[in-house]
Amino acid sequence: MIPYSYFIHPEDERALNAMKAIPGFDRLVKKFMEVGYESLVNGENLASQVLLSDEQLPDIYHRVTRICDKLGIKDYPQVYLCMSPYPNAWTYGDTNVSITLTSALFDYLEDDEIDSVIAHECGHILCHHVLYNTVARFVYHGVTGLMSDLATPLRLAISWWDRKSELSADRVAALVCGADTVVRTQLRLSGGPKSLTKDIDIEKFAQQAEMYEELLTAGKVDGLLQKVAVMDESHPFSAVRVHEILDWTKSREYETVRDLYEGNSLICPHCRKPVMQDWIYCRYCGEKIREEQ
């Protein structure tokens, strides 16, 4: 398994550290798990969705297990199918992790695009997002009334991190399925099925993110309005995600992670830096990493 530090988006890491620095946040997370919210979600899944397995829709189930194998995720999550007219997927849990796929994913997306969505969800597992994602969903939907007002600063902090965590998961999807597939998936989820979106110019769609960034910095009022518009969103806007993933896959960092993923390089057991397979000594720390042939 590639250490997530190799591909985590820097804004994801920064936002998570800021969230953890909120006084009392660690106590909230521990209390949250103690009261059994994970068990509650598990019960709701079992009662209202279809649990997939080797015997229950195995073709869909093994889409998930194959991608877990590619990423080195040994503990397979539970996989559920949920009837919904909206193409979506989500991951919950801590000790009992589950991935839910909606039925509309299979209506809207091509096979490789569905795999991209699954790889994205597995990316959340790989990046250790799942516990905090589960806490986030509780704060979004389970806190009401006066407690909701009191929890507003926490909700906004979690929303900020939640949006940034999606960028890291997109990177994992790009490793597994390729950047083009990730981009096409975002096009489908933004504009509709292939019959409508097959002729969309990807570069022009990505340029929308640049136009959006210009709007954010054009003036104080415009920037503030756009920040207010997104502050309660759990996901970045699609054009932003496309721009981010296209930029990353052009970087040296991506080449390094891709070589690790494809087995063209290894990780030094001493300094944890990527090394080439034919190296006998690590050129970063000088330690011996394999025997001479």
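## Overall fold and three loop residues

The protein has 15 helices and six strands, where helices (H or I, at least four residues) and strands (E, at least two) are DSSP runs numbered from the N terminus. Its radius of gyration is 20 Å, close to the 19 Å that the globule rule gives for 293 residues, so the protein is as compact as a globular protein of that length; the radius is taken over C-alpha atoms, and the rule is 2.2 Å times the number of residues to the power 0.38. This is a predicted model, in which local features need pLDDT of at least 70 and side-chain atom pairs count only at pLDDT 80 or more, while totals for chains, interfaces and linings use all residues. Residues are numbered from 1 along each chain as its sequence is written, and side-chain values use heavy atoms, with hydrogens and water left out.

Along its principal axes the C-alpha trace spans about 70 × 50 × 50 Å. Of the 293 residues, 45% count as buried, a term that means under 20% relative accessible area, with exposed meaning over 50% and partly exposed in between (1.4 Å probe, protein chains only). Among contacts (heavy atoms within 4.5 Å) between residues at least 6 apart in sequence, 61% join residues at least 24 apart.

The side chains include 30 positive and 44 negative ones, and the centres of the two sets lie 4 Å apart; Lys and Arg count as positive and Asp and Glu as negative, with His and the chain ends not counted, and each charge is placed at NZ of Lys, CZ of Arg, CG of Asp or CD of Glu.

Two loop residues deserve a note on backbone geometry. Most residues other than glycine have a negative phi. Leu57, although not a glycine, has a positive phi of about 45°, and Arg272, also not a glycine, has a positive phi of about 65°.

| Residue | Loop between | Relative accessibility |
|---|---|---|
| Leu57 | β1 (50–52) and α4 (58–71) | 37%, partly exposed |
| Arg272 | β5 (265–267) and β6 (274–276) | 45%, partly exposed |
| Thr249 | α14 (238–248) and α15 (252–261) | 18%, buried |

Thr249 counts as buried because its relative accessibility is 18%. A polar atom of the Thr249 side chain lies 2.9 Å from the backbone oxygen of Ile245. Leaving aside neighbours within four places in sequence, Thr249 is in contact with Ala174, Ala179 and Tyr254.

Note on methods: Polar contact = N/O pair within 3.5 Å; in protein donor to acceptor, adjacent residues only side chain to side chain.
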